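Hi,

Here is the structure I said I would pass on. Have a look at it first, and my notes follow underneath.

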Amino acid sequence: MVKQRMSSADVAAEVAALRTRILGLRVANIYDLNAKTYVLKLARSGEEGEKVHLLMESGARLHTTRVLREKASDLPSNFTLKLRKHCRTRRVEAVRQLGVDRCVELTLGSGQAAVHLILEMYAQGNIVLTDSRYEVLTLLRSHRDDARGLVVMARHPYPMAAVRLAARVTQGQLQQAAAAAGGGGMSYKALLSAVLPYGPTIAEHVAMDAGFDTDAAVPLLPPTEGGSSAADAAATAGITDGIGGLGLSGGGEEPEEGEEQLQSQPQPPASASSAGSGGGGVLPEAVQRALSAALGRLDDWFAGLEAGQVPQGYITLTPPGSSAKAGGRKNKKKQQAGGGQQGGQGQEPQPQQPQQQQQQPQPIDPAAAAAAVAAGELVFSEFAPLPLLPFAGQACLVLPSFDDALDEFYSKVEGQRAEIARADAERAAMSRLDRMKADQGSRAETLLRSAEECELKAQLITYNLGAVEAALAALNHSLATGMDWGELDRVIREERRAGNPVAALIASLQLESNSATLLLANSLDETGEEGDEEAGARKAVKVSVDLSLSAHANATAYFEQRRRHLAKHAKTLAANQAALAAAEKKAEAAVKQVRSAPAALQPVRKPMWFERFHWFVSSENYLVVSGRDAQQNELLVKRHLRRGDVYVHAELHGASSTIIKNPQPDQPIPPLTLQQAGAACVCRSRAWDSKIVTSAWWVHQHQVSKTAPTGEFLTTGSFMIRGKKNFLPPQPLVMGFGFLFKLDDSSIPAHLGERAVRGADPDAA
């Protein structure tokens, strides 16, 4: 089962990662992908400021993303417009988790003008925008819980007092939780879930970190003198005080995918010591020490997040159809089978092995993981900010940041869903065409079969012309005498039993429509050649005849019906060809539209600094950049013209300032690159429209100045050239275009040396 939501520990780790990523950035814009998913475009001030896309899904997730997702509508929703009104241009001042709840608060702006954007990732989820005093300005979903006194509505204060505060678990709380269970045989997983607000997976991790089997029953020693009173106090006082009450989400976390409520799980039978204690017991000292040590390591990890540590991301990969915990349980059973079961009847259990020796998840190379996922051998199953012991032994993809792991996990899952939806759309388009072909074919086949039946009935009447005439004459004579229809039917049955051949031909009567059904066979072929088994195997066929017509007229009527069916069949075939041609064209257009549609997930590539200008790479691999207008000319020279670079220009109106970037300032720019830069400069001037062939010139970087002579003024995009101008030979007005592919870092070694440098002298290369 693929993990869908973030846990409380995931939220804490993501908040720590976001603090190093988005603090100080301003909200440039807000977009809605659907009714529950929104993207905040964050940017840092400046021309080349960092841009980050923060994705928020109500009730599920929060992380930055490097892929663009397709929007459901081009028009923003009303909620999006309200968010833009209050949040745009504000700086991200703080990111924090509300206690231990799955809520994240973004503080935008400072002072009285600050607003708080709160994302709830429990239950149905919510996105709430409040002012500096936490009064709700707008929200995605209004709800109230009168039993707990919680109201989340517009113009109401957000219930910050209901937030559960984090606190370290003490040995006293462990003892209280064990005493509250009585003699029910509580498991280690249930015991830790009662005192930890982070969900069952973290509880299992702590139990395994302490060296215990998560499903084993916790042994309880008989209470000493005064111990029973402590147990009674624990039962009455409860154990929720240590974790700050129920919280916004109602206390604890919902069961994860594939998990059941701990209260409904069948518990193992209690040990002898706990069974004999009657109403509760005391945790053994060794168990308390081991659990406290494991809980301390978990608290230290959370303290590191608060101190600014950025956690790594761990993505667990499993074979399709299996879960990460199922594989972890198999590995645990193998480990127990090899090392024996812990403890014994009436014995105090000891931890199996310290944390350093526990089996850890198996890291996998990113390239190998991508190949396995593409081949369908592995699928993304779980994500976590630390190596969880319940997933021990499973293939694990380790990323440098938990935020990167969330983006990779959800992007891969969404990409797989998009591919499935695209394949379903193609199959639906082709299935409609197949259904139409089958329907049209069945219609034509039905008409042809009807024509064949009419021909057969007409031939049978012709073969049995005398017998049919006799049957028609007998029936018409009986009806002419005024015989009752029921009496006539009885007479026919009696004559049939008596062996009358005429009565044997009559199968049934339909006198209300003045017709009768006769049983006719091909009597002419029954006397065929000796050994003709086909003639003997022929059966009689029921043929309906009109009593008002003669036998010959009935045969003629069937031949006429055959002719009409064949004519209709020919028209149907002609119409089918036109309809199928139109349907095939429509299906091909639908499939082409599906295949040509942009991918639902498109990676966000950070543009290079020169992409805002006109640019190209010369044949000798030098970057040539030109300004698009006067402002860009000014920016290009002031910011990007460095030592060793060359400035290229032309004495023509509209000619842009062009620079050639020299990665080796001590080496001169080759002549071919200078000529190509000059041609680009001339082609983007008025010479292109006027068809004028002229020359460009170039100078060194130190010859370009923005300082004008005394009494003169330089406009925007104009520069003073000091010294000699080096004119280039006239260049033809020829330009071209090409495709440039950006390789992944892992693919660069396979393509080294593919772009050969082409100099002015081909023989020199």
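A question to start with: does Asp299 count as buried or exposed, and at what relative accessibility? Asp299 comes out at 13% relative accessibility, so it counts as buried, the cut-off being under 20%. Keep in mind that this is a predicted model.

Asp299 also has a charged partner: its side chain meets that of Arg168 in a salt bridge, at 3.5 Å from N to O. The two come from distant parts of the chain, 131 residues apart, with Arg168 in the loop between strand 12 (150-152) and helix 3 (171-181) and Asp299 in helix 8 (residues 285-306). Arg168 is at 48% relative accessibility and therefore counts as partly exposed.

Helix 8 holds another pair. Glu285 and Arg289 both sit in this helix, four residues apart, which is about one turn, and their side chains form a salt bridge at 3.2 Å, N to O. Glu285 is exposed because its relative accessible area is 57%, while Arg289, at 48%, counts as partly exposed. Elsewhere, Glu57, Arg61 and Glu414 are joined into one network by salt bridges that share partners.

One more pair to look at is Asp10 with Lys3: their closest N and O atoms are 2.7 Å apart in a salt bridge, and both residues are buried. The count for the protein is 31 salt bridges.

Now the overall picture. The protein has 765 residues, 42% of them buried, and 19 helices and 28 strands. Of the contacts with a separation of 6 or more, 69% are between residues 24 or more positions apart. About 40,000 Å² is exposed, with carbon and sulfur atoms supplying 53% of that area.

There is an open sheet you may want to display: four strands in the order 14-16-13-15, with mixed pairing. Strand 14 (362-363) and strand 15 (379-384) are the edges, each pairing on one side only. Strand 13 (residues 313-318) runs antiparallel to strand 15, with five bridges between them, and Leu317 stands opposite Phe380 of strand 15. Helix 11 (residues 402-463) packs on this sheet, touching strands 13, 15 and 16 (395-399), and its direction makes about 150 degrees with that of strand 15.

Last, the surface. Phe737, Phe739 and Phe741 form a nonpolar patch there, with about 520 Å² of accessible area together. Phe741 lies in the segment after strand 28 (726-727), and counts as exposed because its relative accessibility is 71%.

Cheers

Note on methods. Residues numbered from 1 in each chain as written. Predicted model: local features only at pLDDT ≥ 70, side-chain atom pairs only at ≥ 80, totals over all residues. Heavy atoms only, no water. Patch = residues over 30% accessible without salt bridge, like charges linked within 9 Å, V, L, I, M, F, W, Y side chains within 5 Å. Areas by Shrake-Rupley, 256 points an atom, 1.4 Å probe, with all protein chains shown as cover. Salt bridge = Lys/Arg side-chain N within 4 Å of Asp/Glu carboxyl O. Buried < 20%, exposed > 50% of the residue type's maximum accessible area, 1.4 Å probe, protein only. Pairing = 2+ DSSP bridges. Contact = heavy atoms within 4.5 Å. Axes fitted to C-alpha atoms, helices over the stretch in contact; angles between N-to-C directions.
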